[in-house]
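Okay, thanks for coming, everyone. I'd like to walk you through a structure that's new to most of the room, so have a look at it while I talk.

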Amino acid sequence: MAGKASAAEPPQSASSAPAGGSEAAKPRARGGHNKSHAEISGAGYAGLTAAVALAQRGWSVRLHEKRHTLGSFGAGIVMWENALRVLRAIGAFEEAAKKSFTPPFYETRMHNETVALEPFDRDPWATMTRQHLYDAMLAQARPLDIEILHDSEVVSAQPDGAVTLGSGRTIKADLVVGADGVGSNVRDSVGFAVERNKARDGLIRMIVPRCRGELGPEAFWDNVIDFWNFEPRVQRILYVPANDDDLYIGFMAPYGSDGSIVPIKLEVWLDMFPFLEPVLREAVHAPGRYDRYETTVLDAWTKGRVALVGDAAHAMTPSLAQGAACAMMNALSLAVYMEGGADNVEKRLQEWERNERPLTDRTQQRSAKLTAERALSKGEWVNDELMETMRHIPTGASADPLPGFPRRMATVP
Ligand SMILES: Cc1cc2nc3c(=O)[nH]c(=O)nc-3n(C[C@H](O)[C@H](O)[C@H](O)COP(=O)(O)OP(=O)(O)OC[C@H]3O[C@@H](n4cnc5c(N)ncnc54)[C@H](O)[C@@H]3O)c2cc1C
């Protein structure tokens, strides 16, 4: 559970650097020079990417995470080419790729009839557990000039670069990055206008053993299988091998329905997906949470010295598996626009938003439409328009081919 820093209990430093003094001043960088300084709220994928990319460009960075432990919620994740390119740009690609998987096909079934079998021959992609991805990114942050604090909640920020913590301490920075997720304190305290749209569906996500022996020897158990059912009620299972051992399984159902209950009700799912019984029995005991899909659109991503990235700025439905990917792309490009230090930060933040935001806006809209229409059930979503974001070369990332990708992994016997 999230832990908050208090005045009596200062934030805990997770890096080798000291937790910093109590004065509202720029920290002195290692090496003795005053550097441009960023305070980042939230050590999720957006915050970690921004932290590493800024530190790689000479900024001193302090990263605040309100929870007691650093890590990632949400079981598994699909990383498309654009996200893999960001991982390479921050140095985490090789490590992330190690314990990842590329299923031979993305298979879509409706009432257990295959309606699409997509090999993605030209599109690099990988699945993995979220914790594995997180660890690969954190490993890049550790050796850099980044002070990582856990139990450190940012309660508010100001456009002039002031950040106030749960302890009551106020710090001044050249740049404040609000990467604190869909419930962002930075966003709400600065006063950005937010339009929030909740979808009718949501997903329970879990990691369970792959149970290959019990499921049977068929080769298709290495595929991503998107099992849709509209009758007798709307329920979908997203079956995603995350590596040789772990299965990322998602249970999609309308908000408030029996399918949205956690722990999952075995009979509700077994009824429609009896052939998945071994993994369903595992899922009954696995930790999970129902998340209703949400799209948030802001009037602006920046105000003064404050920039928002990731779900704080642009939460989206997961139909295109682009939420974390866009979070990481925008965090990397933000650092690129901050190259050269703190001069004209406000102007450069505006340029960043002007140039980088339109792609994310389009991605949010497309994803929301696919979700509203439950269109992935038709298996016809792979086209140049919908693949635009995945195939985009992120600002700050190399256009060179990703080593080892696209890859066709051997089917495990
Ligand atoms: C069902 C589902 C499936 C998805 N699948 C994919 C996928 O396959 N591929 C993909 O690219 N995207 C996917 N996404 C989207 C992705 O999960 C999010 O877009 C991504 O996690 C956003 O990262 P973030 O760092 O912006 O926010 P978060 O992951 O929410 O991280 C925010 C961090 O900030 C911390 N924090 C919050 N408030 C404070 C505070 N005040 N002070 C300090 N710390 C704070 C939190 O504890 C957390 O660690 C999916 C989303 C959903 C709902």
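So, how much space lies in the largest cavity? It's about 60 Å³. Keep in mind while we go that this is a predicted model.

Let me stay with that empty space for a moment. Rolling a probe the size of a water molecule over the atoms shows where empty space is left. Searching the whole structure that way turns up one cavity of 30 Å³ or more. And who lines it? The lining includes T102, P103 and P104, then P119, F120 and D121, and also D123, P124 and W125. From further along the chain, P406, R407 and R408 line the cavity too. If you sort that lining by character, you get seven nonpolar residues, one polar and four charged.

Now to the ligand. How many residues surround the ligand? There are 31 of them, and the closest are E65, V78, R130, V154 and D311. Sorted in the same spirit, the shell has 13 nonpolar residues, 10 polar and eight charged.

Let's zoom in on some individual atoms here. R130, which I just listed among the closest, has a polar side-chain atom 2.9 Å from an oxygen atom of the ligand. S41 also brings in a polar side-chain atom, and that one sits 3.4 Å from a ligand nitrogen. With A324 we're talking about the backbone: one of its N or O atoms is 3.0 Å from a nitrogen atom of the ligand. Taken on its own, the ligand has 1000 Å² of accessible area, and the protein covers 88% of that. Which elements give two or more residues to the shell? Those are helix α1 (45–56), strand β4 (76–80), strand β13 (194–209) and helix α10 (323–337).

Next, let's look at the backbone, where there are a few spots I'd like you to click on. Most residues other than glycine have a negative phi, and most peptide bonds are trans. So here are some that go the other way.

Start with the peptide bonds. E231 and P232 are joined by a cis one, with omega at about 0 degrees. You'll find P232 in the loop between β14 (224–229) and β15 (235–241). Another cis bond runs from V262 to P263, and there omega is near -5 degrees. P263 is in a loop as well, between β16 (246–254) and α7 (266–270).

Then there are the positive phi values. N112 has a phi near 65 degrees, and it isn't a glycine. It's in the loop between β5 (106–110) and β6 (113–118). D151 has a phi near 55 degrees, again positive in a residue other than glycine, and it's in the loop between β8 (146–150) and β9 (154–157). Buried or exposed, where does D151 fall? D151 is buried, because its relative accessible area is 5%, and the cut-off for buried is under 20%. N112 comes in at 33%, so it counts as partly exposed.

Let me pick up β15 again, since Q235 is in that strand. Q235 has a relative accessible area of 2%, so we call it buried. Its side chain makes a polar contact of 2.6 Å with the side chain of R233.

Last stop: a few distances across the chain. G76 belongs to β4, one of the strands we met around the ligand. G76 is at 0% relative accessibility, so it's buried. How far apart in space are G76 and L247? They're 171 residues apart in sequence, yet C-alpha to C-alpha it's 8.1 Å. L215, over in helix α6, is 139 residues from G76 along the chain, and their C-alpha atoms are 20 Å apart. L215 is buried too, at 10%.

And finally I264, in the loop between β16 and α7, where we also saw P263. I264 counts as buried at 4% relative accessibility. Its C-alpha and that of G191 are separated by 38 Å, with those positions 73 residues apart along the chain.

That's my tour. Happy to take questions while the model's still up on the screen.

Methods:
Residues numbered from 1 in each chain as written. Predicted model: local features only at pLDDT ≥ 70, side-chain atom pairs only at ≥ 80, totals over all residues. Heavy atoms only, no water. Near = heavy atom within 4 Å. Polar contact = N/O pair within 3.5 Å; in protein donor to acceptor, adjacent residues only side chain to side chain. Areas by Shrake-Rupley, 256 points an atom, 1.4 Å probe, with all protein chains shown as cover. Helix = DSSP H or I, 4+ residues; strand = E, 2+ residues; numbered from the N terminus. Nonpolar A, V, L, I, M, F, W, Y, C, P; charged D, E, K, R; others polar. 1 Å grid on protein atoms, 1.4 Å probe; cavity = no way out; pocket = protein on both sides within 12 Å on 5 of 7 lines; lining within 4 Å. Points joined across faces, edges and corners; volume = space filled by probe spheres on them. Buried < 20%, exposed > 50% of the residue type's maximum accessible area, 1.4 Å probe, protein only.
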